[in-house]
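Work through the exercises below with the structure in view. Each task is followed by a solution in steps.

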Amino acid sequence: WIYKKDVLSGYLLAKAMVTGVNPYLPLTELANLWLPAHNITDLNHPTPHPFAIGWLCLPLVWFSYETAARVWLVFELCCLGVAVALFFRALDLKFQWRHWALACFLALGWVPVLDDLWLGQFSLCLLALAMGVWVMLCEQKDWQGGLLLGVVLTLKLVGWPIVLFLALRRRWRGVL
């Protein structure tokens, strides 16, 4: 399954960015450049991700793809830990390592989290960023929340309703 992970398209996008190759060639062509021995033929479309995913995956290009997929898994696990810690903060719960570890462990038993890890997707990274947005906005730190929201929107347009909500609340610093 390592060659069917979503991070493959981000990795190939970042590789193309670094080497000057058109990053929106079909993924099979990009894979033939950097992973020719693996005969990836079922991805006859360009990457479905925006250019910012390539920026996010830039540190991975210095590794072989197999190592990069493992590094991405560790990064996703760290994002899960950060998201759980921010969830505790949003609920004004006192942070204790035991409770945090238990919550992370329980989250690993939830099918959407397992699927994200198994498929090497970007959702846990977006979750950690979205939790950061939530905490900052709840603490009336509109500039910081708006900055994190901008990062979320750059990676994926899932946060646009929050921009509308902030505009309706006239919290212009967060919108900007």
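**Exercise 1: an aromatic pair**

Decide whether Phe87 is buried, partly exposed or exposed, and do the same for Trp134. Then classify the pair that their rings form.

Solution. The model is predicted. Phe87 has a relative accessibility of 36%. Buried requires under 20% and exposed over 50%, so Phe87 counts as partly exposed. Trp134 has a relative accessible area of 36% and is partly exposed.

Next come the rings. A pair of aromatic rings is described by the distance of the centres and the angle of the planes. The centres of the Phe87 and Trp134 rings are 6.3 Å apart, and centres within 6.5 Å make a pair. The planes stand at 55°. Stacked needs under 30 degrees and edge-to-face over 60, so the Phe87 and Trp134 pair is tilted.

Last, the position in the chain: Phe87 lies in helix 4 (residues 65-90) and Trp134 in helix 7 (residues 123-138), 47 residues apart, so the pair links distant parts of the chain. The structure holds nine aromatic pairs.

**Exercise 2: helix 7 and helix 8**

Check the span of helix 8, then describe how helix 7 and helix 8 are arranged.

Solution. Helix 8 (residues 142-155) has 14 residues, which at 1.5 Å a residue should span 20 Å. Its end C-alpha atoms are 20 Å apart, in agreement. Among the buried residues of helix 8 are Leu149, Val152 and Leu155.

The axes of helix 7 and helix 8 come within 8 Å and cross at roughly 155°. Angles over 145 degrees count as roughly antiparallel, so helix 7 and helix 8 are roughly antiparallel. Their crossing is left-handed.

Note on methods
Residues are numbered from 1 along each chain as its sequence is written. This is a predicted model: local features need pLDDT of at least 70, side-chain atom pairs count only at pLDDT 80 or more; totals for chains, interfaces and linings use all residues. Side-chain values use heavy atoms; hydrogens and water are left out. Rings of Phe, Tyr and Trp (its six-membered ring) pair if their centres lie within 6.5 Å; planes under 30 degrees apart count as stacked, over 60 as edge-to-face and the rest as tilted. Helices (H or I, at least four residues) and strands (E, at least two) are DSSP runs, numbered from the N terminus. Buried means under 20% relative accessible area, exposed over 50%, partly exposed in between (1.4 Å probe, protein chains only). The expected span of a helix is 1.5 Å times one less than its number of residues. Axes are lines fitted to C-alpha atoms, for helices over the stretch in contact, and angles run from 0 to 180 degrees between N-to-C directions. Angles under 35 degrees count as roughly parallel, over 145 as roughly antiparallel, 65 to 115 as roughly perpendicular and the rest as oblique. A crossing is left-handed if the near helix is turned anticlockwise from the far one by less than a right angle, and right-handed if clockwise.
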